[in-house]
Amino acid sequence: MARESFTAPIRLKLAQRAAYRCAFPGCSRLTIGPGEQADEIENSGKAAHIYAASEYGPRGQGLLAPEQLKAITNGIWMCGHHADLIDKNSGNRYPVAVLKSWKALHDYRTAYEHSGRATAFGFVRSLTLLASPLFEPATIEFGKTTFLIGANDTGKTALLDWLSVLDSPRRLWRWLKPHPLHYALLFDAPGEHRLEIETGDGAVRFDLDAGRVAFNHHRIAITALTKRHYHSAEDDLANLMSLFHLDEISVRSLAAMIDSTKFYLRSARFEQEADDEGEMQEILRCKLQDGAELAFGALSGGEQGRVIMELAIAHMVSVASVAPALLIIERPNLGIDDAGFAIYLDYFSSSECRFQTVVTQFTLTEDIKGLGWQVYQLTGATDTEPGKIEPVLPIKS
Ligand SMILES: [Zn+2]
């Protein structure tokens, strides 16, 4: 079968849409510049194929027709090094969905910069465990969306605690004793930084770009949806303040920002209502897409999960317009069914969404199997063996 190469006009357009910069997260290398002679240019970039150009090429050809394989939608602009890297080992390490989300991200970033605004874009690239009480040394490379799969007590929450120091060391207190913890986070905010964290003797040592600091000064704003908010006895306002770690004014303005035709919730507002004992409660009134308006407490568990998710998305959208942002979703806590969750997964991988997400769940579900997200399987420690963190490769069709 013939090789479905891109035409020169397609290659040019791919390069120009990418502003001649590599779309590999964290690279952004400029791939064009002056050539040797005064009237020459030198182009070091490559139009890489997402689905393969030839029958047995990296990532396969899906079910794409020849004209789709050589269309601009099947290309991603990269520097020479990264164009080669993504095709190593039949492209197993860099599946189609990952490349597509990188391309969407790069498109967004380029359009944002082109619009004349300074980019606030950031990206959490990796977490490398050097020593830990739970796992053997391992590296998690984050994509736009990353899944951590593991049963209870396999260390999902621990990893989220360790990751969240990019925002605040608040969750690290659990790890001051008894076993030492030593790890490094690589991230762009938007320039490249490395934060190294080491605990011992009840204290934490932070090194940022090899200089000692008290905490991370290139902050990534992290919101974690970690618990079912309605389990608390207080009113909706107090519960949301505690869930989002926000003050009252911020939660009220966040609710007022909801104005969407895309998701479950159309708009939301707080209303005072007396409870059975005559105490005034701040109730979240939720207006749904069908026009119905219901109190948050009257919604089913899964519907409440959607409202919380959509408040979090609105929050992240506003944060991401000025600072790097990452949303952590402990999926089992939200009680959203797979069909409902699919809408959010589509959004997270789109170029419209400019924040990163990390999703934890118990098992590898159908919706993420073989899709090519960044997926890691966690295995808990036993009496004799440390826990493991292993990448799950997509199932090849
Ligand atoms: Zn590159």
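**Exercise 1. Determine how far helix 5 (residues 156-163) is covered, and list its buried residues.**

*Solution.* Helix 5 (residues 156-163) is mostly covered, with seven of its eight residues buried. Here buried means under 20% relative accessible area, exposed means over 50%, and partly exposed lies in between, with a 1.4 Å probe and protein chains only. Helices (H or I, at least four residues) and strands (E, at least two) are DSSP runs numbered from the N terminus. The buried residues are Lys-156, Ala-158, Leu-159, Leu-160, Asp-161, Trp-162 and Leu-163.

The model is predicted: local features need pLDDT of at least 70, side-chain atom pairs count only at pLDDT 80 or more, and totals for chains, interfaces and linings use all residues. Residues are numbered from 1 along each chain as its sequence is written, and side-chain values use heavy atoms, with hydrogens and water left out.

**Exercise 2. Place Thr-360 in its strand and identify its contacts.**

*Solution.* Step one: Thr-360 belongs to strand 17 (residues 356-361). Step two: its relative accessible area is 1%, so Thr-360 is buried. Step three: contact means heavy atoms within 4.5 Å. Leaving aside neighbours within four places in sequence, Thr-360 is in contact with Lys-156 and Leu-160, and also with Leu-148, Ile-329, Glu-330, Arg-331 and Pro-332. Lys-156 and Leu-160 are among the buried residues of helix 5.

**Exercise 3. Describe the zinc site: its donors, their spacing and their geometry.**

*Solution.* Donors are N, O and S atoms within 2.8 Å of the metal (3.2 Å for Na, K and Ca); water is not among the atoms, so sites may look incomplete. The protein donors of the zinc ion are Cys-22 (SG), Cys-27 (SG), Cys-79 (SG) and His-82 (ND1), at 2.0 to 2.3 Å from it. Along the chain they follow the spacing C-x4-C-x51-C-x2-H.

For the geometry, four donors count as tetrahedral if all angles lie between 85 and 135 degrees. The four donor atoms subtend angles of 99 to 118 degrees, and the arrangement is therefore tetrahedral. Cys-22 is buried at a relative accessible area of 1%, whereas Cys-27, at 24%, is partly exposed.

**Exercise 4. Characterise the largest nonpolar core and the contacts of Phe-348.**

*Solution.* A nonpolar core is a set of buried Ala, Val, Leu, Ile, Met, Phe, Trp, Tyr and Cys residues joined through side-chain atoms within 4.5 Å. The largest such core has 48 residues, of which Leu-225, Leu-284, Met-309, Phe-348 and Phe-355 touch the most other members. Helix 8 (residues 301-320) gives the most to this core, namely ten residues. The core also draws at least three residues from each of domain 2 (123-220 + 361-391) and domain 3 (230-306). Domain bounds come from an automatic or database domain assignment.

Beyond neighbours within four places in sequence, the contacts of Phe-348 include Met-309, Ile-313, Leu-327 and Phe-355. A second, separate core of 35 residues includes Leu-129, Leu-160, Ala-224 and Val-358.

**Exercise 5. State how domain 1 and domain 2 are related in space.**

*Solution.* The assignment gives domain 1 (8-114), domain 2 (123-220 + 361-391) and domain 3 (230-306). The C-alpha centres of domain 1 and domain 2 lie 30 Å apart. Eight residues of domain 1 are in contact with ten residues of domain 2.

**Exercise 6. Locate Gly-143 and assess its burial.**

*Solution.* Gly-143 is found in the loop between strand 6 (138-141) and strand 7 (145-149). Its relative accessibility is 3%, so Gly-143 counts as buried. Not counting residues up to four places away in sequence, Gly-143 touches Phe-123, Gln-356 and Gln-374.

Definitions and conventions. Four donors count as tetrahedral if all angles lie between 85 and 135 degrees; four count as square planar and six as octahedral if opposite donors are over 155 degrees apart and all others between 65 and 115; anything else is irregular.
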